[in-house]
Amino acid sequence: MSWRDFAGECDSREEGEVNDNLQQQAATLFANFYEQAETEVGFTELVQILGGGTPKTGEKSYWNGKVLFFTPKDIGFPYTLSTEKTITEEGLAHCNSRLYPVNTVFVTARGTVGKIGMPGVPMAMNQSCYALIGKNTNQILVYFYTLKVVDRLKYKASGAVFDAITTRDFETESIFKLSDAHAEAFLNIARPIYRAILGNTFENQQLTALRDFLLPKLISGELDVSELGI
């Protein structure tokens, strides 16, 4: 096996296709139940809108720590596991962001507007995004309700520049709430789907890290592929 073959073995495209397929299944199921929903409620009746913030950039003790710091450029589909920037615990204590848990829904509100994702590990967030947490509503449902709301905001902005989302935008939107029975039926299938997606995303990250570590050594001849037992 050549190093090029080995690189192909580490390619994460197949895993990405699996995740895309899983997401499509969940989206199709949600759409089916959503079409049957009859109770219209204000979006912020179900979802709390929270913000982020950035520690003082000139304070070195706030940066390059172990706390992941999410910005719009880090958005994943649907999960983000790593970020370009990190902050310290001290930096977290000196900014307007909390440490958001897995499955918090992040919406980019400025710059690259209207992208939606979730952290796969706890992370803080800057002020160009919103963090959405359900009020007695499962986070996977929050994710799909948010997709509906942001699609409507984009539709309303058709022909205009969609350059920002404000809390007022969320407050003026409404959605149809799934019945309790349909919500339970959806989550019974969607929860394991998103656990699988997150697991696949972790695996992709590990394979990418392995590839990036080994390929330069294989190309330079520093490491022989036969030494890997392949």
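Glu84 and Lys73 join their side chains in a salt bridge, with 3.6 Å from N to O. Glu84 sits in the loop between strand E4 (79–80) and strand E5 (85–87), and Lys73 in the loop between strand E3 (63–70) and E4, so the bridge ties together parts that are eleven residues apart in sequence. Both partners are at the surface by the numbers: Glu84 is exposed, and so is Lys73. Please keep in mind that this is a predicted model. The salt-bridge count comes to three, and the notes below cover the others, helix H5, the aromatic pairs and the surroundings of Tyr100.

**Salt bridges around Glu173**

- Glu173 forms a salt bridge with Arg152, and the closest N and O atoms are 3.2 Å apart. This pair links distant parts of the chain, 21 residues apart: Glu173 is in the loop between helix H6 (167–172) and strand E10 (174–177), while Arg152 is in helix H5.
- Lys156 also forms a salt bridge with Glu173, here with the closest N and O atoms 2.5 Å apart. Lys156 lies in helix H5 and Glu173 in the loop between H6 and E10, so this pair ties together parts that are 17 residues apart in sequence.
- Taken together, Arg152, Lys156 and Glu173 are linked in a network of salt bridges.
- The three residues of this network cover a range of accessibility. Glu173 is buried, with a relative accessible area of 2%; Arg152 is partly exposed at 37%; Lys156 is exposed at 55%.

**Helix H5**

- Helix H5, which carries Arg152 and Lys156, spans residues 139–156 and has 18 residues. From its first C-alpha to its last it reaches 25 Å, close to the 26 Å expected at 1.5 Å a residue.
- Asn138 caps the N-terminal end of H5, with a side-chain oxygen 2.8 Å from the backbone nitrogen of Ile140.
- The buried residues of H5 begin with an unbroken run: Gln139, Ile140, Leu141, Val142, Tyr143, Phe144, Tyr145 and Thr146 are among them. Val149, Val150 and Leu153 complete the list.
- An α-helix has 3.6 residues a turn, so residues three or four places apart point the same way. Val149 and Leu153 are both among the buried residues of H5.

**Aromatic pairs**

- The model holds 14 aromatic pairs. In one of them, the rings of Trp63 and Phe69 have centres 5.6 Å apart and planes at 85 degrees; an angle over 60 counts as edge-to-face, so this pair is edge-to-face.
- Trp63 is buried, and so is Phe69.
- The rings of Tyr100 and Phe106 have their centres 6.0 Å apart and their planes at 80 degrees, so this pair is edge-to-face too. Tyr100 counts as buried at 2% relative accessibility, and Phe106 counts as buried at 1%.
- Ring pairs also link Phe30, Tyr34, Tyr143, Phe144, Tyr145, Phe176, Phe186 and Tyr194 into a cluster. Helix H5 takes part in this cluster, as Tyr143, Phe144 and Tyr145 are among its buried residues.

**Surroundings of Tyr100**

- Tyr100 is found in the loop between helix H4 (89–93) and strand E6 (105–108).
- Leaving aside residues up to four places away in sequence, Tyr100 touches Leu50, Gly51, Phe106, Val121, Pro122, Met123, Met125, Ala131 and Ile133.
- One of these contacts, Ala131, is 31 residues from Tyr100 in sequence, yet the two are 7.9 Å apart in space, C-alpha to C-alpha.

Note on methods. Residues numbered from 1 in each chain as written. Predicted model: local features only at pLDDT ≥ 70, side-chain atom pairs only at ≥ 80, totals over all residues. Heavy atoms only, no water. Helix = DSSP H or I, 4+ residues; strand = E, 2+ residues; numbered from the N terminus. Expected span 1.5 Å × (residues − 1). Buried < 20%, exposed > 50% of the residue type's maximum accessible area, 1.4 Å probe, protein only. Polar contact = N/O pair within 3.5 Å; in protein donor to acceptor, adjacent residues only side chain to side chain. Salt bridge = Lys/Arg side-chain N within 4 Å of Asp/Glu carboxyl O. Phe/Tyr/Trp six-rings, centres within 6.5 Å; stacked < 30°, edge-to-face > 60°. Contact = heavy atoms within 4.5 Å.
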